[in-house]
Amino acid sequence: MLSTIKEATNGINEDDVTFLIDPDDSKTITCYSCISSIFAEQSPIFNKLIKKYKKKQHKDEPLEIHLKYMTLNAFCFIRNTFYELNPTLTYQDVVDILYTSIKYAIKPIIRKCN
């Protein structure tokens, strides 16, 4: 999948979105720079979110999307799956990953969790 996206974007793969992960709506936020097209391609929910935030984005302002109630482990697993890094699914994280995958309609990860 990643290679198909790189071909479609002529190999341009610069990070163009920052996801702000706030698992428990606390003051501790972790930021991850990512390639929005990879997330949009893999999830219809991420696709809608990215389009929504891009419409609100002011020119020359970085695209930031705040993801509340997502654990860091779930986000990292999803991101690593999208980037074809073959993350290991552990029994400690499967519930969070499955919940997030259902919430964001990521069918390949849902199947992996079942």
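**Entry 1: helix α4.** I began with the cover over α4 and found 8 of its 11 residues buried, so I recorded the helix as mostly covered. I note at the outset that the model is predicted. The buried positions of α4 are Ala74, Phe75, Cys76, Phe77, Ile78, Arg79, Asn80 and Phe82. I then looked at what follows α4 and found Glu84, with a positive phi near 55°. As to placement, α4 lies across β1, β2 and β3. I recorded an angle of about 10° between α4 and β2.

**Entry 2: the sheet.** I looked up the strand order next and obtained β2-β1-β3, an open sheet of 3 strands with mixed pairing. β2 and β3 are the edge strands, each pairing on one side only. From one strand to the next, the twist averages 25°. I also noted that α3 packs on this sheet, where it touches β1 and β3. The direction of α3 makes about 135° with that of β3.

**Entry 3: the β1 and β2 pair.** I checked the sense of this pairing and found it antiparallel, over 5 bridges. Within it, I traced Leu20 to its bridge partner in β2, which is Cys31.

**Entry 4: the nonpolar core.** I asked which residues have the most contacts inside the largest nonpolar core. They are Phe19, Cys34, Phe39, Phe46, Leu67, Phe75 and Phe82, in a core of 28 residues. I then listed the elements that each supply at least two residues of this core: the strands β1 (17-22), β2 (30-34) and β3 (64-68), together with the helices α2 (36-42), α3 (44-56), α4 (72-82) and α6 (107-113). The largest share comes from α4, with 6 residues. As background, I recall that nonpolar side chains tend to be buried together in soluble globular proteins.

**Entry 5: the cysteines.** I followed Cys34 further and listed its contacts beyond four places in sequence: Asp15, Asp16, Val17, Phe19, Phe39, Phe75, Arg79 and Tyr83. I next asked how many disulfides a search of the whole structure finds. The search returned 0. For Cys76, which is in no disulfide, the nearest cysteine sulfur is that of Cys34, 9.1 Å away. Finally, I asked whether Cys31 is buried, partly exposed or exposed. Its relative accessibility is 48%, and therefore I entered Cys31 as partly exposed, since that class lies between under 20% for buried and over 50% for exposed.

Methods
Residues are numbered from 1 along each chain as its sequence is written. This is a predicted model: local features need pLDDT of at least 70, side-chain atom pairs count only at pLDDT 80 or more; totals for chains, interfaces and linings use all residues. Side-chain values use heavy atoms; hydrogens and water are left out. A nonpolar core is a set of buried Ala, Val, Leu, Ile, Met, Phe, Trp, Tyr and Cys residues joined through side-chain atoms within 4.5 Å. Buried means under 20% relative accessible area, exposed over 50%, partly exposed in between (1.4 Å probe, protein chains only). Helices (H or I, at least four residues) and strands (E, at least two) are DSSP runs, numbered from the N terminus. Contact means heavy atoms within 4.5 Å. A disulfide is a pair of cysteine sulfur atoms within 2.5 Å. Two strands pair if DSSP finds at least two bridges between them. Axes are lines fitted to C-alpha atoms, for helices over the stretch in contact, and angles run from 0 to 180 degrees between N-to-C directions.
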